[in-house]
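Student: Please take a close look at one chain in this structure and at how its neighbours meet it. I would like the terms explained along the way.

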Amino acid sequence: MALIEFHLDSRSGVPTYLQLVQQVRHAVQLGILTPGDQLPTVKEVVAGLAINPNTVLKAYGVLESEGIAEGRRGQGTFVKSSAPAPLGDDLGRLRRSLRDWFGRARAAGLDEQAIEALLSEQRASGSARRVA
Amino acid sequence: MIWLSWRQQRTETLIAAAILALLTVAFVPAGIHAADLYVQQHVARCVDRQTQACGFVVGNYVLNTGVLRGLLDSGWFNLIPGLIGVALATPILLDLENGVVRLAWTQSITRRHWIGTKLGFAVGTAVLAGAGFSALFTWYEIPFDRIFGRWDKFDFEWLAPVGYTLFALGLALAVGVLVRRSAAALVVAYGAYVAARLFVQYWLRQHLVAPLSATWGPRSAGPNLSSAWVISQVPSDKAGHPFSGGAQVFQACVRSNGDGFKGVSQACMARHGAGFTHAVYQPASRFWEFQGIEFALFAGVALLLTAFAAWRVLRTD
Amino acid sequence: MTAALVTDGLGKRYGSQWALRDCTLEIPRGSVTALVGPNGAGKTTLLRMAVGLTRPSAGSVRVLGLDPHVDAAEALPRVGFLAQEHPLYGGFTIAEMLRVGRELNPGWDEEAARARIAELDLPLKKKVRSLSGGQRAQVALTLALAKRPELLLLDEPVASLDPLARREFMQTVVEAVADRELTVVLSSHILADLERVCDRLVILAVGRTQLAGSIEEIVASHRLLTGPRDEAEDVARLHDVVRESHAERQTTLVVRANGHVYDARWTVHELDLEEIVLAYLGQDAARRREAVLS
């Protein structure tokens with residue numbers, strides 16, 4: 001049985017492989033996955049989500065290059081022993097600054113939809129697609 | 001592929017087997033009874049003798065045994081080989097009609113292998129069914145053939161039924177690959193089978209080998225035609241031409257014979273050039289030749305039709 | 001390594017009508033390619049020619065380097081095909097269908113087939129005609145996969161299925177892709193699920209290839225431009241316009257990137273795959289409408 005289960009938001013505009021990467025990162029940060037844990041096999045992910053295996057391979061490739069995971073031949077992909085530890089203090093600081101930002105955005109007159117649009121836009125521009 | 005061919009043909013094969021089983025159940029007991037009676041009543045001695053007593057023996061024998069034979073006389077059983085042949089084509093035609101052939105043709109065997117095996121099975125079953133039909137009736141007819149001659153039930157004996165069954169199968173296959181609706185194809189093919197059988201039986205067969213003819217006068221017995229296939233037998237003149245002046249000659253030659261009855265003087269008839277008989281016939285000895293020719297005809301055409309169907313299937317796009 | 005499927009000027013004519021014409025494409029191994037186009041575009045014809053059910057009228061087709069018609073004995077065991085109606089012998093039980101697969105395929109994996117049927121929770125004694133649409137599709141797919149093909153061709157495999165059956169069918173397909181070196185080409189006129197499952201796309205319209213390539217590259221290279229109406233012609237001269245539509249004051253273009261920089265007056269938007277495909281199909285329909293009207 002796989003340790004975690006992935007889900008997809010097909011309307012978020014975030015590419016599938018990136019969503020998988022983010023969910024693994026998230027799980028590691030929250031401590032759900034610890035160093036040495038095995039990530040779901042490509043077959044398991046693919047069977048669960050009905051997505052192309054290359055997408056999973058790409059996601060796992062990104063995780064490997066970020067140092068979060070490592071692939072072991074014939075065994076699978078595992079959370080790396082030197083995965084960045086949960087942020088702790090950083091997390092608290094980020095949370096506070098986010099709270100401030102939301103306060104300022106609402107004070108400036110942005111409604112929920114406008115805030116959502118702003119967030120999506122900034123998130124997307126951080127991804128691989130570039131305007132020609 | 002062998003299992004698959006059998007499995008797909010299973011229903012039709014069982015139907016053919018059931019038909020043959022029914023016929024067997026109907027005719028075997030009667031056949032055994034007829035064979036026994038033939039011996040008990042010493043019919044063999046009387047078959048070729050033309051005495052009145054023998055006539056009575058033979059007549060009595062036929063009356064007691066030939067009830068079921070009357071069914072054969074009616075000719076309806078001729079429809080059975082056609083039915084079986086057409087039925088055996090059904091699995092292949094249905095497969096082609098509903099497109100499930102696309103499953104068989106995209107496994108690992110070639111289309112040639114597929115059609116070859118399926119046709120082989122259908123043809124093999126047709127041969128077996130025809131042979132079974134033939135064996136049953138050839139055996140049943142043994143005593144009656146001695147009395148009436150083999151020609152009488154030509155269509156039911158030896159090679160003929162095998163040829164007919166193959167022919168019906170070939171027709172159904174050929175029509176079926178041209179007409180994509182199987183039901184219509186089977187009906188058309190069966191109709192063609194019946195038409196062809198009638199054509200051969202009532203017209204073509206007698207012309208396959210030039211028949212013999214004989215003319216004989218009132219004082220001679222003529223050739224022994226009891227076992228021959230008499231195509232025509234008419235009153236004629238000495239030269240064998242059909243006699244047309246019958247009425248006048250009759251008038252001229254009518255005599256009282258003293259007992260108060262009137263009769264026709266044979267001598268007088270002969271003087272007028274009448275009283276002869278002209279017969280056109282195929283002798284009993286030619287039975288085997290005709291069986292061979294008719295089988296070659298039907299089976300040969302069946303082969304062509306089946307090959308055509310196979311060719312069309314291989315060219316299907 | 002030889003490509004999984006290569007066509008060169010491939011065409012098929014029925015009478016005077018060309019069902020497929022001048023189709024040239026190359027599908028590499030290991031990919032899951034969507035063959036997309038409206039009904040009558042020639043998708044079925046293309047797939048049938050690839051597996052040897054239909055012979056080309058023009059051009060050539062090679063699967064795994066082999067001619068599907070001439071080299072049928074060699075090609076058939078390596079190419080799996082599933083026709084749109086999921087053909088099975090209606091009066092057969094599932095066990096008998098597996099036997100068909102076993103008898104007709106030397107490379108048949110009986111254990112895997114049985115395991116799959118058990119996974120699907122289907123009794124082997126069940127008759128095929130009593131299966132639901134989704135179950136039938138799964139049994140037909142099991143048959144196609146159990147012979148362990150290198151290339152799997154699926155003709156509109158999920159068109160007749162409800163959403164759940166569709167999802168389960170595609171799960172089986174991608175699981176098989178993940179499991180072994182399997183190349184898949186599937187035709188579909190339903191665009192929604194394609195982006196998840198496929199990494200390559202071929203658009204066929206009016207029996208011709210309009211677009212072919214990796215989905216990632218296609219999405220990255222197409223853009224929607226909106227701008228003032230009068231600029232339209234200039235842009236058209238410089239850029240590869242797939243579709244254009246004009247309002248009174250504004251023009252909207254779907255373009256394929258060709259290295260040119262877009263003028264500042266044009267607003268550039270990204271497009272999702274469905275929009276890009278529709279642009280190609282729409283362009284085609286518009287052209288046909290024009291041809292009819294003129």
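Tutor: What follows is a look at chain C and its two interfaces, with a few single residues at the end.

This is a predicted model, in which local features need pLDDT of at least 70 and side-chain atom pairs count only at pLDDT 80 or more, while totals for chains, interfaces and linings use all residues. Residues are numbered from 1 along each chain as its sequence is written, chains are lettered from A and ligands numbered from 1 in the order in which they are written, and side-chain values use heavy atoms, with hydrogens and water left out.

Start with chain C by itself. Its secondary structure comes to 10 helices and 13 strands; helices (H or I, at least four residues) and strands (E, at least two) are DSSP runs, numbered from the N terminus. The C-alpha trace of chain C spans about 70 × 40 × 40 Å along its principal axes. Of the 294 residues in chain C, 51% are buried. Here buried means under 20% relative accessible area, exposed means over 50%, and partly exposed lies in between, using a 1.4 Å probe and protein chains only. The accessible surface of chain C is about 13,000 Å², and carbon and sulfur atoms hold 47% of that surface. Such areas come from the Shrake-Rupley method with a 1.4 Å probe, and for residues only the protein chains shown count as cover. Among contacts in chain C with a separation of 6 or more, 68% join residues 24 or more positions apart; contact means heavy atoms within 4.5 Å.

Next come the neighbours. Of the 2 pairs of chains that touch, chains B and C have the most contacts. Chain A and chain B share no contact, and their closest C-alpha atoms are 26 Å apart.

The interface of chain B and chain C involves 23 residues from chain B and 31 residues from chain C. About 2,500 Å² is buried between them, 55% of it from carbon and sulfur atoms. Buried area is the accessible area (1.4 Å probe) that two parts lose on being put together, summed over both. Trp3(B), Arg102(B) and Asp317(B) supply 29% of the area that chain B buries against chain C, more than any other three residues. Asp317(B) also forms a salt bridge with Arg55(C), with the closest N and O atoms 3.4 Å apart. A salt bridge is a side-chain nitrogen of Lys or Arg within 4 Å of a carboxyl oxygen of Asp or Glu, and the count between chain B and chain C is 4. The rule for polar contacts finds 13 residue pairs across this interface, both residues being at pLDDT 80 or more. A polar contact is a pair of N or O atoms within 3.5 Å; within protein, one must be able to donate a hydrogen and the other to accept it, and residues adjacent in sequence count only if both atoms are side-chain atoms. On the side of chain B that touches chain C, the elements giving two or more residues are α1 (2–40) and α6 (101–104) of chain B. The largest share, 6 residues, comes from α1(B).

These two helices return when we look at helix α3 (residues 94–104) of chain C. Its buried residues include Ile94(C), Met97(C) and Leu104(C). The cover over the buried residues of α3(C) includes α1 and α6 of chain B, together with α4 (110–119) and α5 (133–146) of chain C.

At the other interface, 17 residues of chain A are in contact with 20 residues of chain C. The area buried there is about 1,600 Å², with 53% from carbon and sulfur atoms. The count between chain A and chain C is 2 salt bridges, and one of them joins the side chains of Glu216(C) and Lys58(A) at 2.9 Å, N to O. Polar contacts link 10 residue pairs across this interface, both residues at pLDDT 80 or more. The elements of chain A that give two or more residues to this side are α2 (42–49) and α3 (53–65), and α2(A) gives the most, with 6 residues.

Last, consider one loop residue. Ser130(C) is in the loop between α4 and α5 of chain C. Because its relative accessible area is 41%, Ser130(C) counts as partly exposed. A polar atom of the Ser130(C) side chain lies 2.7 Å from the backbone oxygen of Lys127(C). Ser130(C) and Gly91(C) are 39 residues apart in sequence, and their C-alpha atoms are 9.3 Å apart in space.
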